[in-house]
Amino acid sequence: MSAATMPAVADRKVTLVWILGIWTFALFGFGADFGRFMHEQPAPPLALALHGAVSVAWLGLVSMQVYLAETSNVRLHRRLGWAVVAVSVAMVPLGVVAAMVDMARQVGHPDYAPQFLGEEFQDVFAFAVCTALGVATRRNRADHSRFMVLAAVALADVGPGRIATNLVSATPPNPLAVWATYYWGTALLLIAMLAWDLITRRRVLRSTLLGAAVLWSGEAIASVLYFSPAWKAAMAGLVKAWGWAG
């Protein structure tokens, strides 16, 4: 994947900070559940393990790309670019399959909530959109780097969501509580990106603005659908038709 320019002076190192924030959320969110996940009975199916491994590999590749860009290693950055695209393409169907398998495993459990698939599908959609825009803007360093970070932000809500649900076991009572529970981490990252643009450029870049619009609008829709009886019934029907629990 070619890129016309390397990092602008105004963006030096900050992309590394954003990626580090995403890694922090992921490690703290999943670290608390890792022991339970490894000893879960029945054991988690291969589809979930594969999805987790590919997700970590993707975030690792993107982190390496950010480091290469910041250190002006243009040649290797370009070589790895299409590898990131290939893994990104695999992430979309894997994300959908993992969401469906995980939900199918919960059928019959007291906390079964098929309406939560709205959050899962929103993440995959925002990830796909931001990644596609990242590829399309690869000749514009500022927009390209932001869209790729935003693709990672789209997946980062899982970590903060786990942190919140581990601390507060109560079911969110309204859409705003759903958003605050599952998306507070992405909100912090998006606000940081918006603030950085305003501080360094006195305007918000189109990529940051568009990415925030995609994520926040999708999160709002998913949070509202969480309380829709029609949506819950539709997702329960989808899970039943899917059937496969790995």
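Here's a short tour of one helix pair and two loop residues in this predicted model.

**Stop 1: the helix crossing.** Select residues 74-106, which form helix 3, and residues 229-242, which form helix 9. Two packed helices are described by the angle between their axes and the distance between the axes, so turn the view until you can see both. Here the axes come within 10 Å and cross at roughly 90°. Angles of 65 to 115 degrees count as roughly perpendicular, so helix 3 is roughly perpendicular to helix 9.

Now show side chains at the contact. From helix 3, pick V97, M100, V101, M103 and A104. From helix 9, add L238, V239 and W242. Which classes of residue make up this contact between helix 3 and helix 9? Colour by class and you'll get eight nonpolar residues, with no polar and no charged ones.

**Stop 2: S72.** Next, head to the loop between helix 2 (46-70) and helix 3, where S72 lies. Check the backbone: phi of S72 is near 60°, a positive value in a residue other than glycine. Is S72 buried, partly exposed or exposed? Its relative accessibility is 38%, so S72 counts as partly exposed.

**Stop 3: R202.** Last, jump to the loop between helix 7 (175-201) and helix 8 (206-225) and select R202. R202 isn't a glycine, yet its phi is positive too, at about 65°. Switch on a surface here: R202 has a relative accessible area of 78%. The cut-off for exposed is over 50%, so R202 is exposed.

Technical notes. Residues are numbered from 1 along each chain as its sequence is written. This is a predicted model: local features need pLDDT of at least 70, side-chain atom pairs count only at pLDDT 80 or more; totals for chains, interfaces and linings use all residues. Side-chain values use heavy atoms; hydrogens and water are left out. Axes are lines fitted to C-alpha atoms, for helices over the stretch in contact, and angles run from 0 to 180 degrees between N-to-C directions. Helices (H or I, at least four residues) and strands (E, at least two) are DSSP runs, numbered from the N terminus. Angles under 35 degrees count as roughly parallel, over 145 as roughly antiparallel, 65 to 115 as roughly perpendicular and the rest as oblique. Contact means heavy atoms within 4.5 Å. Ala, Val, Leu, Ile, Met, Phe, Trp, Tyr, Cys and Pro count as nonpolar, Asp, Glu, Lys and Arg as charged, and the others, Gly among them, as polar. Buried means under 20% relative accessible area, exposed over 50%, partly exposed in between (1.4 Å probe, protein chains only).
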